[in-house]
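Q: Please take a close look at one part of this structure. I would like to see how neighbouring strands and their charged side chains fit together.

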Amino acid sequence: MASQNMDPAAATASSTAALKGSESGGSAARGSVSKRLQQELMTLMMSGDKGISAFPESDNLFRWVGTIDGAQGTAYEGLRYRLSLDFPAGYPYQAPRVKFVTACFHPNVDEQGFICLDILKDKWSALYDVRSILLSIQSLLGGNLKLLLRRSLYHISVFVWFFCFK
C-alpha cells in the first residue's frame, strides 16, 4: 500500500542526475507533474460536480485557486469558500498544501485556514486528485456541525477542568 506514494522515477532520476552531474531529472519530474495537473484540470472541468471548482492561478500550474459551496441543509448553506492549493514538485506522491483563503469557522480548520483532514496528511495517496480533495473538504463541511461543536466544547471543558481545578 505504501508503494503507491513512492515515485518510481525518483530513484532512477536521482541516480541518472548524479551520474550526469546535472539537475535534468528535476525538470523531467516537473514536466510529469505539470502533465498530471493539466489532466486533473480537464477531469475537474468535465466532471460537472456541483459546488466545487479549481483553476490554476495565472500561469502557475503549481498554485491553484479553488472554490467550495456550502452544502444545502448545513450551517454553510449559501456560503462560498475560496481555497488555495499549492502543489509540491513531488506531487502526486506528496500531498498538496490546501488552505482556506476565506475565513471558515469549523473545528477542523485552524486560524490560518489550514485544514485538518487525514487525506491531506498521513492518509495521503497518489491516487487522490484535486477533485477528490475538494469533494472531501466539501463533505467535511457537510458533517454534523452541532455534533462537532459539542465534541469540541467537551474537549475544551476537560482541558479547562484539568488545568484549573487540578
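A: Start with a term: two strands pair if DSSP finds at least two bridges between them. This model is predicted. In it, S3 and S4 run antiparallel, and four bridges join them. Leucine 83 stands opposite phenylalanine 100 in S4.

Now follow the side chains along S4. In a regular strand the side chains alternate between the two faces of the sheet. S4 shows such an alternation. Val98 and Phe100 point to one face and are buried. Arg97 and Lys99 point to the other face and are not buried.

Next, the loop between S3 (80–86) and S4 (97–100): proline 92 lies there. A cis peptide bond joins tyrosine 91 to proline 92, with omega at about 10°.

Turn to the charges. Side chains of opposite charge can pair when their charged atoms come close. Aspartate 86 and arginine 63 meet in a salt bridge, at 2.5 Å from N to O. Aspartate 86 lies in strand S3 and arginine 63 in strand S2, so the pair ties together parts that are 23 residues apart in sequence. Aspartate 86 has a relative accessible area of 18%. Buried means under 20%, so aspartate 86 counts as buried. Arginine 63 is partly exposed, at 29% relative accessibility.

Arginine 63 also forms a salt bridge with glutamate 57. Here the closest N and O atoms are 3.2 Å apart. Glutamate 57 is partly exposed, at 30% relative accessibility. Through shared partners, salt bridges join Glu57, Arg63, Asp86 and Arg97 into one network.

Notes. Residues numbered from 1 in each chain as written. Predicted model: local features only at pLDDT ≥ 70, side-chain atom pairs only at ≥ 80, totals over all residues. Heavy atoms only, no water. Helix = DSSP H or I, 4+ residues; strand = E, 2+ residues; numbered from the N terminus. Buried < 20%, exposed > 50% of the residue type's maximum accessible area, 1.4 Å probe, protein only. Salt bridge = Lys/Arg side-chain N within 4 Å of Asp/Glu carboxyl O.
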